[in-house]
Amino acid sequence: MSRKLLLANDHVEGIRRLDVYRKHGGYNALEKALKTMTPEQIVEEVKASGLRGRGGAGFPTGMKWSFLAKPEGVARYLVCNADESEPGTFKDRYLMERIPHALIEGMIASSFALGARTSYIYIRGEYFYVANILEEAIAEAYEAGLLGKNILNSGFDHDCYVQVGAGAYICGEETALLESLEGKRGNPRIKPPFPAIAGLYGCPTVVNNVETIAAVVPIIQMTGAEYAKIGVGKSTGTKLISASGHINKPGVYEIELGVPVEEFIYSDAYCGGIRNGKQLKAVVAGGSSVPILPAHLILKTASGEPRLMTYESLSDGGFATGTMLGSGGFIVMDEDTSIVKNLWNFSRFYHHESCGQCSPCREGTGWMEKILHNIVEGHGTPEDVELLWDIQGKIEGKTICPLGDAAAWPVASAIRHFKDEFMQYVTRPQSIKDVKHYYRVHQLAEA
Amino acid sequence: MSQIAFNEEALKTAQRIIARYPKGKEKSALIPLLHLAQAEFDGWLSPETMDYVASLLSIQSIEAYEVASFYSMFNLQPVGKCVLEVCRTSSCWLLGAEDVVRHIEKRLGIHVGETTADGMFTLKTVECLGSCGTAPMLQCGADYYENLTLEKVDNLIANLKQDGSRRTYPKPAPVKIES
Ligand SMILES: Cc1cc2nc3c(=O)[nH]c(=O)nc-3n(C[C@H](O)[C@H](O)[C@H](O)COP(=O)(O)O)c2cc1C
Ligand code: FES
């Protein structure tokens, strides 16, 4: 069984409350940080831990922190990215809802390390009830002297606020998030300048995912060196995986990085195998944006090695035969799933969520959705498949933010690995009506 | 003169929200205040409501319109008391979201995007709400209804009807003012 650092106490009764959280060692790390460490030492520990951003891109957190500009007399901000809108991802919700203080403690300790007097948690609007849970936790923390002036007599002052979004996937992109936090439309900014130089209100800002910030707590507690011993190679520590789709046990699992994918899918400690005794067809391993892989390539790399749940192993083979760990949104599809129909669903999502600033993304996502809809409805031609391939290639890398890439990769990978299925749709449209694709709700009730 | 104005309690909440941001950056309160206004004024944002919110922040009305129209949670048209928002994205769809949508359409006699004649229900489809492990799901007001079956949906509709009250996102909880 994997070691748990973030969710060790998720089932403890009342762990949402400050007193219970403290009884289980909560805020010890903050106390250690404020009383025995300098901000620089904390940054060094985070560097030593090898922690990588858990929001999707996997950028080394310690390095990001050390880029933060520190001009004299200018405010610095820590902003927590709790937008969590990548389809297939629901780990941050789980963590915040169950153990809100784990995030609050991480926010305070990280802010101390960064010299941020104020921090904001930007949470997607649909998580309104979770925002209220965080507000309650923050109020408790103020009352206990863990927020506000002179925290734990350390001389460190800090205020933390929750900001709700209002429904826009793009606001998970860090510069769109900052725009939204400033009260504007969520249009991503052109980089550079990076937020570390000019972020919120033009001030130096660090944006980190919920899970990244929460992971700072055990790192302070156990030291970076100890944290780095967990995992494989450059994939250190534990990771929350949101598992969904056609599996027996969907849910959020904290794994030590390095668990074999096969074990993750079939072991009763995790997904518990495919629903209704069906065969595995494909997996989207890191949220809807990452390339889809067919069963044989998700279980083993092209060179026949067992595929592991690590940043490196999942991307082994590049996009030709690999994928990405991404946000850890692990969507499993069984043998009855139509890859073409699922792709149409994804493409509709990206078209709906494109902010519209960049023409390749704004026009391309709509075009891909329409073509796929045509194909799904039985009106597609082989040329349409060629055209899809062409369009996705003209979006990737040609937009201000990576939403364009996120829209292109699912299309490219589906065509790369499931070309036959596309050809069936466009050459034998009469066979489409026999494709089952999704479970009927009454079947679920019986299962 | 705009007819619309927050009551005393809502105005206090609004002021507390505005106090979270540095001087000169009050515009950051726009999205939270639009949420508050939507909850206060029948679940949608009329031009008058947006003008009022803009006036509270001393910004141009167009700044409120352009933001309100960007985000999917803001309704720019009147909606029913209960907006049923069914997730239509991948994991939910793989597990029967389409059945849920069709079932509600039949039960309420409306299509996606429409409101029942009695003004009780509006049916919407939305993108992944972070509930994929408990698919299929729908949201109504702030509440998540997960692991749906058609029976559960019927039950929910009956209960909401009986209760009869408007389901809006809750007003933001009170926040701590700068220490
Ligand atoms: C379209 C798009 C959506 C994103 N959504 C999220 C999100 O919901 N949550 C998140 O933490 N990061 C998201 N990201 C990544 C952020 O831009 C950023 O890399 C991340 O918040 C940095 O934090 P980390 O280093 O701790 O991962 C998204 C990026 C893109 C391009
Ligand atoms: S796909 Fe429906 S909640 Fe994520």
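Student: Which element gives the most to the shell around ligand 1?
Tutor: In this predicted model, strand E4(A) gives the most to that shell, with three residues.

Student: Which residues come nearest to ligand 1?
Tutor: The shell holds 23 residues, of which A:Gly53, A:Gly55, A:Gly172, A:Asn209 and A:Thr212 come nearest. The elements that give two or more residues to the shell are strand E4 (205–209) and helix H18 (403–417) of chain A.

Student: How does the shell around ligand 1 divide by class?
Tutor: There are eight nonpolar, nine polar and six charged residues. Glycine counts as polar here, which bears on A:Gly53, A:Gly55 and A:Gly172 among the nearest residues.

Student: Why is ligand 1 said to lie between domain 1 and domain 3 of chain A?
Tutor: Residues of the shell come from both domain 1 (18–229) and domain 3 (339–434) of chain A, so ligand 1 lies between them.

Student: What domains make up chain A?
Tutor: Chain A is divided into domain 1 (18–229), domain 2 (233–334) and domain 3 (339–434). The C-alpha centres of domain 1 and domain 3 of chain A are 36 Å apart. Nine residues from domain 1 of chain A and seven from domain 3 of chain A make the contact between the two. On the domain 1 side of chain A, that contact has six nonpolar, two polar and one charged residues.

Student: What makes H5(A) and H9(A) oblique to each other?
Tutor: The axes of helix H5 (residues 91–98) and helix H9 (residues 210–222) of chain A cross at roughly 50° and come within 9 Å. Roughly parallel needs an angle under 35 degrees, and roughly perpendicular starts at 65. The value of roughly 50° meets neither condition, and H5(A) and H9(A) are therefore oblique.

Student: Which residues of H5(A) and H9(A) meet, and how many of them are charged?
Tutor: From H5(A), A:Lys91, A:Asp92, A:Leu95 and A:Met96 meet A:Val210, A:Glu211 and A:Ala214 of H9(A). By class the contact has four nonpolar, no polar and three charged residues. Since Asp, Glu and Lys count as charged, the three charged residues are A:Lys91, A:Asp92 and A:Glu211.

Student: Why is H2(B) called oblique to H3(B)?
Tutor: Helix H2 (residues 30–40) and helix H3 (residues 47–56) of chain B pack at about 140°, with their axes 10 Å apart. An angle counts as roughly antiparallel over 145 degrees and as roughly perpendicular from 65 to 115. An angle of about 140° fits neither range, so H2(B) is oblique to H3(B).

Student: Is the crossing of H2(B) with H3(B) left-handed or right-handed, and which residues make the contact?
Tutor: The crossing is right-handed. H2(B) contributes B:Leu33, B:Leu34 and B:Ala37 to the contact, while H3(B) contributes B:Thr49, B:Val53 and B:Leu56.

Student: How do you know how this contact of H2(B) with H3(B) divides by class?
Tutor: Leu, Ala and Val count as nonpolar, which covers B:Leu33, B:Leu34, B:Ala37, B:Val53 and B:Leu56. B:Thr49 falls among the polar residues. The division is therefore five nonpolar, one polar and no charged.

Student: What is the make-up of chain B?
Tutor: Chain B has seven helices and four strands, in the order α-α-α-α-β-α-α-β-β-β-α along the sequence. Chain B is divided into domain 1 (8–68) and domain 2 (82–163), and the centres of these domains are separated by 29 Å. The C-alpha atoms of chain B fill a box of roughly 50 × 35 × 30 Å.

Student: How many residues do chain B and chain A each give to their contact?
Tutor: Chain B gives 49 residues and chain A gives 61. On chain B, the elements that give two or more residues are H2, helix H4 (61–68), helix H5 (90–94) and helix H6 (97–108). The side of chain B that touches chain A has 27 nonpolar, 13 polar and nine charged residues.

Student: Where does A:Pro192 lie, and which bond joins A:Lys191 and A:Pro192?
Tutor: A:Pro192 is in the loop between helix H8 (174–181) and E4 of chain A. The bond from A:Lys191 to A:Pro192 is a cis peptide bond, with omega about -5°. The next bond, from A:Pro192 to A:Pro193, is cis with omega near 5°.

Student: What is notable in the phi of A:Tyr27?
Tutor: Phi of A:Tyr27 is near 70°, a positive value in a residue other than glycine. A:Tyr27 sits in the loop between helix H1 (18–23) and helix H2 (28–36) of chain A.

How values were computed: Residues are numbered from 1 along each chain as its sequence is written. Chains are lettered from A and ligands numbered from 1 in the order in which they are written. This is a predicted model: local features need pLDDT of at least 70, side-chain atom pairs count only at pLDDT 80 or more; totals for chains, interfaces and linings use all residues. Axes are lines fitted to C-alpha atoms, for helices over the stretch in contact, and angles run from 0 to 180 degrees between N-to-C directions. A crossing is left-handed if the near helix is turned anticlockwise from the far one by less than a right angle, and right-handed if clockwise. A residue is near a molecule or strand if its C-beta atom, placed from the backbone, lies within 6 Å of it. Domain bounds come from an automatic or database domain assignment.
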